[in-house]
Amino acid sequence: YYEHDARVRIDQLLKNSNLSYDHISGVDFNDYIDRSMSWKTLVDMPGIACVSHRMFENGWVGQCVVLCKNDVDFPYSWKEYYPEIDFNSEGSIEKLHNVIENYEEWANKITHYLETYCTPLSIGNYFLSKVVEELDSL
C-alpha cells in the first residue's frame, strides 16, 4: 500500500495562488471532459503513479497538460513535449503561470507527441523494432 500527500499539497498550493483554479471530483467522465474544456491547462496530479490517464485523455482533446516533475519516462520520451513542474520547489506557481501563458504552444507539442508516438502503428512499430533487435543479437 502506497500513500503520499502530493495531491493535497498541490491542491492547497493552487487554491492559495492567484491563478484561476477548478478542482473537480465526483462527476462522471463526460461531465469532467466537458468542464475541463474551459481550462487553459490541466495539472495532472499524481495518484498511485506520478502520471495518469489524464496526460492522454486531456492531451488527445488538445489541452495543455502539466505533469509533476518526475523521473519516469516512456520509450518515446515525453520530456520535450509535456511541461513538468516541481511543485515542491520555490517558484513553482511562477513556472505554472509561464506554462499557462504559453498553453497553446504546449498543447501543440502534446498533440504532436500523441499523434507521432502514441498511435497503434507507432507503438506496434516500436515493439517490432525491439523484437528485431533482440533477434539480431542472438
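**A walk through the structure, starting from its pocket**

The largest pocket has a volume of about 720 Å³. This is a predicted model, and the pocket is a convenient place to enter it. Its lining is made of 27 residues, and those that lie nearest the centre of the pocket are Tyr21, Asp22, Trp39, Leu42 and Val43. Several elements contribute to this lining: helices α1 (6–15), α2 (29–36), α3 and α4 (92–101), together with strand β1, each supply at least two residues.

To place these elements, consider the chain as a whole. Its secondary structure comes to six helices and three strands. Read from the N terminus, the order of the elements is α-α-β-α-β-β-α-α-α. The C-alpha trace spans about 55 × 30 × 30 Å along its principal axes. Of the 138 residues in the chain, 36% are buried.

The strands come next. Strands of a sheet pair through backbone hydrogen bonds, and the pairing is either parallel or antiparallel. Here three strands form an open sheet in the order β1-β2-β3, and the pairing is parallel. The edges of the sheet are β1 (41–44) and β3 (84–85), each of which pairs on one side only.

Which residues show how β2 is matched to its partners? On the β1 side, the two strands pair in the parallel sense over four bridges, and Val43 stands opposite Val66 in β2. Val43 has appeared before, as one of the residues nearest the centre of the largest pocket. On the β3 side, β2 (residues 64–68) pairs in the parallel sense over two bridges. There Leu67 stands opposite Glu84 in β3, and Cys68 has Ile85 as its bridge partner.

Is strand β2 mostly covered or mostly uncovered? It is mostly covered, with five of its five residues buried. In a regular strand the side chains alternate between the two faces of the sheet. In β2, one side carries Cys64, Val66 and Cys68 and the other carries Val65 and Leu67; all of these are buried, and both faces of the strand are covered.

The connection between the first two strands has a handedness. Strand β1, helix α3 (residues 54–60) and strand β2 make a right-handed β-α-β unit. Helix α3 and strand β1 also take part in the lining of the largest pocket.

The last topic is the aromatic side chains. The structure holds eleven aromatic pairs. In one of them, the ring centres of Tyr76 and Tyr126 are 5.3 Å apart and the ring planes stand at 65°; an angle over 60 degrees counts as edge-to-face, so this pair is edge-to-face. Why does this pair tie together parts that are 50 residues apart in sequence? It does so because Tyr76 lies in the loop between β2 and β3, whereas Tyr126 lies in helix α6 (residues 120–136). Tyr76 counts as partly exposed, because its relative accessibility is 27% and the partly exposed class runs between 20% and 50%.

Both residues also belong to a cluster: ring pairs link Tyr76, Tyr81, Tyr82, Tyr113, Tyr117, Tyr126 and Phe127. A ring can also have a charge over it. The charged end of Lys109 sits over the ring of Trp106, at 4.4 Å from the ring centre.

Methods
Residues numbered from 1 in each chain as written. Predicted model: local features only at pLDDT ≥ 70, side-chain atom pairs only at ≥ 80, totals over all residues. Heavy atoms only, no water. Pairing = 2+ DSSP bridges. Buried < 20%, exposed > 50% of the residue type's maximum accessible area, 1.4 Å probe, protein only. Right-handed = clockwise from strand over helix to strand, strands pointing away. Phe/Tyr/Trp six-rings, centres within 6.5 Å; stacked < 30°, edge-to-face > 60°. Lys NZ or Arg CZ within 6 Å of the ring centre and 35° of its normal. 1 Å grid on protein atoms, 1.4 Å probe; cavity = no way out; pocket = protein on both sides within 12 Å on 5 of 7 lines; lining within 4 Å. Points joined across faces, edges and corners; volume = space filled by probe spheres on them.
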